[in-house]
Amino acid sequence: MSKRDYYEVLGVERNANKSDLKQAFRKLAQKYHPDVNKSEEAEGRFKEINEAYQVLNDDQRRSAYDRFGHDGLQGAAGFNGDFGAGFGDLGSIFEEFFSGFGGTTSSSRRRNAPRRGADLRADISLTFEEAVFGTDYNLEVPRMEDCDTCGGSGAQPGSSPTQCSGCNGSGEVQRRQQSPLFGTVITSATCPTCNGSGELIPTPCKQCRGQKKIRKVRKLDVKIPSGVDDGTRIKLTGEGEPGFLGGPAGNLFVVIGVEPHPVFVRSDVDLLLELPLSITQAALGTKVRIPTIDGEAESLDIPPGTQTGKQFRLRNLGVPRLQRSGRGDMIVTTQVVVPTKLSNEQKELLRELAKTFDEANYEPQKGLFDRIFGG
């Protein structure tokens with residue numbers, strides 16, 4: 001089913017500023033939020049309103065939408081299409097409206113809920129050969145972990161945290177105010193006494209100073225598979241920052257950089273090699289030994305009359321396919337090298353040789369001139 005125009009969803013003009021968008025969103029949110037509107041259509045309408053607001057309130061997404069419509073959002077930075085998840089997780093814009101319904105706020109529940117740890121990124125550099133054939137990489141990753149001394153409590157051994165009396169352990173303080181639209185509205189704010197933790201630490205741990213976590217360097221042995229390329233990302237699940245209140249740890253993303261090779265150039269799973277030939281080798285033909293990424297030389301027959309740009313494909317001498325069987329090829333491209341310094345004797349020999357040539361020796365070139373000039 002096709003989506004409606006976002007400007008139409010919010011009921012605003014296309015030149016609406018952020019203040020106009022916020023005002024329109026507030027008005028529609030009051031009407032269709034599922035905590036207020038129990039009709040069957042409310043949930044779907046609210047998702048649509050939420051999606052439209054998140055796109056148009058973000059400059060980058062709005063620009064992509066204005067230029068290309070809904071299709072333009074598929075590649076927009078930060079877009080994942082999951083606009084409808086978590087009705088209560090829209091921050092202060094909903095606290096003003098809905099914190100009075102039911103007597104408690106969703107933010108306090110979120111504050112004390114398990115939270116996933118942050119993801120980490122590590123950049124490593126590999127040689128060309130390591131990227132082609134894979135390697136074992138010893139990686140050191142600094143990250144925050146539970147303090148060894150206090151076990152993550154933040155309190156000096158022999159003592160323990162106490163419940164904050166300012167918020168009774170909730171991490172929030174509430175205030176009531178009268179609203180002409182909603183009547184009594186309860187809004188919440190982070191408790192200034194405990195900074196939202198819900199507890200106080202009378203005797204902080206000397207090692208972590210009450211912060212519960214300390215920075216450590218974690219050593220990891222990372223298996224780099226064969227066939228990785230510059231920019232490849234390897235995800236190590238659970239090796240990011242530890243979670244909070246029992247939540248899962250984040251992930252570690254290893255981003256690979258590959259050093260250039262002095263001879264080979266990579267093109268996907270193929271390896272490109274430029275082979276220089278002398279004019280006599282190209283004209284008379286020859287047999288040459290060429291290097292391979294495996295370290296062993298291969299024999300290659302060069303036929304007489306080989307021109308610059310002639311390509312030879314050597315099967316299965318390229319890069320192993322990442323997480324698949326088989327390898328790419330090695331593609332050898334000839335480059336006929338004309339000497340730049342000749343002795344007088346060599347010049348004379350070439351002049352004598354040139355006298356023996358006729359147009360038959362240059363059929364490819366003659367045919368090219370005929371096609372260009374219509375001869």
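**Exercise 1. How helix 2 meets helix 3**

Determine in which hand helix 2 crosses helix 3 in this predicted model, and how the two helices are oriented to each other.

Solution. Begin with the crossing: helix 2 goes past helix 3 in a left-handed manner. Next, locate the two elements in the chain, where helix 2 covers residues 18-32 and helix 3 covers residues 42-56. Their axes lie 10 Å apart and form an angle of about 165 degrees. Because an angle over 145 degrees counts as roughly antiparallel, helix 2 is roughly antiparallel to helix 3.

The last step is to list the residues that touch. Helix 2 contributes Leu 21, Lys 22, Phe 25, Leu 28, Ala 29 and Tyr 32, and these meet Ala 42, Arg 45, Phe 46, Ile 49, Asn 50, Tyr 53 and Leu 56 of helix 3. Sorted by character, the residues of this contact comprise 10 nonpolar, one polar and two charged.

**Exercise 2. How helix 3 meets helix 4**

Work out whether helix 3 is roughly parallel or roughly perpendicular to helix 4, and state which residues make the contact.

Solution. Helix 4 is formed by residues 59-68, and it packs with helix 3 at an angle of about 100 degrees, the axes being 6 Å apart. Since angles of 65 to 115 degrees count as roughly perpendicular, helix 3 is roughly perpendicular to helix 4. On the side of helix 3 the contact is made by Gln 54, Val 55 and Leu 56, while helix 4 supplies Arg 61, Arg 62 and Tyr 65. These residues divide into three nonpolar, one polar and two charged. Leu 56 of helix 3 can be found in this contact, and Leu 56 also appears in the contact with helix 2.

**Exercise 3. Two residues in one loop**

Decide for Pro 248 and for Glu 239 whether the residue is buried or exposed, and then find what each one touches.

Solution. First place the residues: Pro 248 belongs to the loop between strand 8 (233-236) and strand 9 (252-258), and Glu 239 is likewise in the loop between strand 8 and strand 9. Pro 248 has a relative accessibility of 52%, and because the exposed class begins over 50%, Pro 248 counts as exposed. Glu 239 has a relative accessible area of 18%, so it is classed as buried.

Now look at the neighbours, leaving aside residues up to four places away in sequence. Pro 248 touches Arg 115, Arg 116, Gly 117 and Gly 243. The pair of Pro 248 and Arg 115 is separated by 133 residues in sequence, yet the C-alpha atoms are 7.1 Å apart in space. Glu 239 has contacts with Leu 120, Arg 143, Arg 218, Leu 220, Gly 250, Asn 251 and Leu 252.

**Exercise 4. A threonine in a loop**

Describe the surroundings of Thr 306, starting from its place in the chain and ending with its side chain.

Solution. Thr 306 sits in the loop that runs between strand 13 (298-302) and strand 14 (311-314). Its relative accessible area is 6%, which means that Thr 306 is buried. Apart from residues up to four places away in sequence, Thr 306 touches Leu 277, Ala 282, Thr 334 and Val 336. A polar atom of the Thr 306 side chain lies 2.6 Å from the backbone oxygen of Pro 303.

**Exercise 5. Positive phi outside glycine**

Compare the places and the accessibility of Asn 168 and Lys 212, after stating the phi angle of each.

Solution. For Asn 168, phi is near 55 degrees, a positive value in a residue that is not glycine. Asn 168 lies in the loop between strand 3 (162-163) and strand 4 (172-179), and at 58% relative accessibility it counts as exposed. For Lys 212, which is also not a glycine, phi is positive at about 75 degrees. Lys 212 is located in the loop between strand 6 (199-200) and strand 7 (213-224), and its relative accessibility of 27% makes it partly exposed.

**Exercise 6. From one strand residue to the whole protein**

Characterise Thr 187, and then state how many helices and strands the protein has.

Solution. Thr 187 is part of strand 5, residues 183-190, and at 11% relative accessibility it is counted as buried. Thr 187 and Gln 174 are 13 residues apart in sequence, with 5.6 Å between their C-alpha atoms. For the protein, the secondary structure amounts to 10 helices and 15 strands. Of its 375 residues, 34% are buried. Among contacts between residues at least 6 apart in sequence, 64% join residues at least 24 apart.

Methods. Residues are numbered from 1 along each chain as its sequence is written. This is a predicted model: local features need pLDDT of at least 70, side-chain atom pairs count only at pLDDT 80 or more; totals for chains, interfaces and linings use all residues. Side-chain values use heavy atoms; hydrogens and water are left out. Axes are lines fitted to C-alpha atoms, for helices over the stretch in contact, and angles run from 0 to 180 degrees between N-to-C directions. Helices (H or I, at least four residues) and strands (E, at least two) are DSSP runs, numbered from the N terminus. Angles under 35 degrees count as roughly parallel, over 145 as roughly antiparallel, 65 to 115 as roughly perpendicular and the rest as oblique. A crossing is left-handed if the near helix is turned anticlockwise from the far one by less than a right angle, and right-handed if clockwise. Contact means heavy atoms within 4.5 Å. Ala, Val, Leu, Ile, Met, Phe, Trp, Tyr, Cys and Pro count as nonpolar, Asp, Glu, Lys and Arg as charged, and the others, Gly among them, as polar. Buried means under 20% relative accessible area, exposed over 50%, partly exposed in between (1.4 Å probe, protein chains only). A polar contact is a pair of N or O atoms within 3.5 Å; within protein, one must be able to donate a hydrogen and the other to accept it, and residues adjacent in sequence count only if both atoms are side-chain atoms.
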